[in-house]
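Please take a moment with the sequence and the fold before reading on. The paragraphs below are meant to be read with both in view.

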Amino acid sequence: MMSKRWILAAAAAVGLAAATINGVGVPGESPGGAAGVCDPNAKPANLNFTLKDLGGKDVKLSSYKGQVILLNFWATWCGPCKIEIPWFNEFQQKYKDKGFVVLGISADDTVEQLKPFVAEYKMSYPVLVGKGREDVQEALGPVWGLPTTLIISRDGKVCHKHMGLAKKAEFEKGILGLL
């Protein structure tokens with residue numbers, strides 16, 4: 001029997017697909033209104049999780065607090081994710097010296113699936129294994145579809161949330177507004 005969560009996720013995916021097909025697009029949620037500004041009342045990101053990287057090393061999300069974080073939930077089978085990855089590589093290289101990091105959390109791929117994909121896409125940022133970690137998705141989301149991307153301020157607030165494919169310029173404006 002399908003769980004309520006997956007039924008809601010399927011409904012959200014259908015709605016997202018319909019919006020995309022009709023050219024409506026799905027804008028990022030920016031609590032403060034402007035894409036580069038964070039509402040002082042934005043909700044705190046729960047970064048109290050430890051995930052494994054592709055080498056099996058523990059990575060504490062909380063160790064990135066103090067940096068601007070672009071946190072991307074994605075999967076190897078996700079078409080829009082493949083479009084965003086080169087942008088995220090570019091952002092990582094361009095802004096890493098300014099206190100910025102991209103973290104990719106693969107929602108449902110194994111390490112064996114991830115390693116060749118990460119090599120092929122030359123992913124220059126930390127890729128973490130999220131398979132079986134619905135607790136992380138629920139705490140930081142909920143994540144109803146992929147990609148889902150959060151832009152988190154240095155003080156740990158979720159300033160922007162994008163569900164589905166967003167525009168490169170929209171991501172960059174959100175990043176620059178927090179650096």
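What follows is a walk through this model, beginning with its confidence and then moving from a helix to a hairpin and some loops.

The structure is a predicted model, and the protein chain has a mean pLDDT of 85, with 80% of its residues reaching 70 or more. Residues 1-33 need separate treatment, since pLDDT stays under 50 over that stretch, even though the model gives residues 1-33 32 contacts beyond four places in sequence. Where pLDDT is low, the predicted coordinates should not be read in detail.

A good place to start is helix 2, which runs over residues 79-95. Helix 2 has 17 residues, and the distance from its first C-alpha to its last is 25 Å, close to the 24 Å that would be expected at 1.5 Å a residue. Helix 2 nevertheless bends, by about 30° at Ile-85, and a proline, Pro-86, follows within four residues of that position.

Which residues of helix 2 are buried? They are Cys-81, Glu-84, Ile-85, Trp-87, Phe-88, Asn-89, Phe-91, Gln-92 and Tyr-95, so that Ile-85, the site of the bend, also belongs to the buried set, as its place in that list shows. The cover over these buried residues comes from several elements, including strand 3 (68-74), strand 4 (100-106), helix 3 (111-120), strand 6 and helix 5 (168-176).

Gln-92 gives a detailed view of this packing, for it is found in helix 2 and counts as buried because its relative accessible area is 8%, which is under the 20% cut-off. Leaving aside neighbours within four places in sequence, Gln-92 is in contact with Phe-100, Val-101 and Val-102, and also with Ser-124 and Tyr-125. Phe-100, Val-101 and Val-102 fall within strand 4, which spans 100-106 and is among the elements that cover the helix.

The aromatic residues can be considered next. A search of the whole structure finds seven aromatic pairs. In one of them, the rings of Phe-91 and Tyr-95 have centres 6.5 Å apart and planes at 35°, so the pair is classed as tilted. Phe-91 and Tyr-95 both lie in helix 2, four residues apart, which is about one turn of the helix. Phe-91 counts as buried because its relative accessibility is 0%, and Tyr-95 is likewise buried, with a relative accessible area of 5%. Tyr-95 also forms an aromatic pair with Phe-100, and this one is edge-to-face, with 6.2 Å from centre to centre and 85° between the planes. Both Tyr-95 and Phe-100 are buried. Ring pairs link Phe-91, Tyr-95 and Phe-100 with Trp-87, Phe-88 and Phe-171 into a cluster.

From the helix, attention can move to a hairpin. Strand 6 (residues 148-152) pairs with strand 7 in the antiparallel sense over five bridges, and within this pairing Thr-148 stands opposite Met-163 in strand 7. Five residues lie between the two strands of the hairpin, and in the turn Gly-156 has a positive phi of about 85°. Is strand 7 (residues 158-163) mostly covered or mostly open? Strand 7 is mostly covered, as six of its six residues are buried.

The loops hold several backbone features that deserve a careful look. Most residues other than glycine have a negative phi, and most peptide bonds are trans. In the loop between helix 4 (134-140) and strand 6, where Pro-142 has its place, the peptide bond from Gly-141 to Pro-142 is cis, with omega near 5°. Pro-147 lies in the loop between helix 4 and strand 6 as well, and the peptide bond from Leu-146 to Pro-147 is also cis, with omega near -5°.

Lys-122, in the loop between helix 3 and strand 5 (127-129), has a positive phi of about 50° although it is not a glycine. Is Lys-122 buried or exposed? Lys-122 counts as exposed because its relative accessibility is 64%, over the 50% cut-off.

Ser-62 is a last stop, placed in the loop between strand 2 (58-60) and strand 3. Ser-62 is partly exposed, with a relative accessible area of 35%. Leaving aside neighbours within four places in sequence, Ser-62 is in contact with Leu-47 and Asn-48, and the C-alpha atoms of Ser-62 and Leu-47, which are 15 residues apart along the chain, are separated by 4.9 Å.

Conventions. Residues numbered from 1 in each chain as written. Predicted model: local features only at pLDDT ≥ 70, side-chain atom pairs only at ≥ 80, totals over all residues. Heavy atoms only, no water. pLDDT = per-residue confidence, 0-100. Contact = heavy atoms within 4.5 Å. Buried < 20%, exposed > 50% of the residue type's maximum accessible area, 1.4 Å probe, protein only. Pairing = 2+ DSSP bridges. Phe/Tyr/Trp six-rings, centres within 6.5 Å; stacked < 30°, edge-to-face > 60°. Expected span 1.5 Å × (residues − 1). Bend = angle between axes of the 7 residues up to and from the residue.
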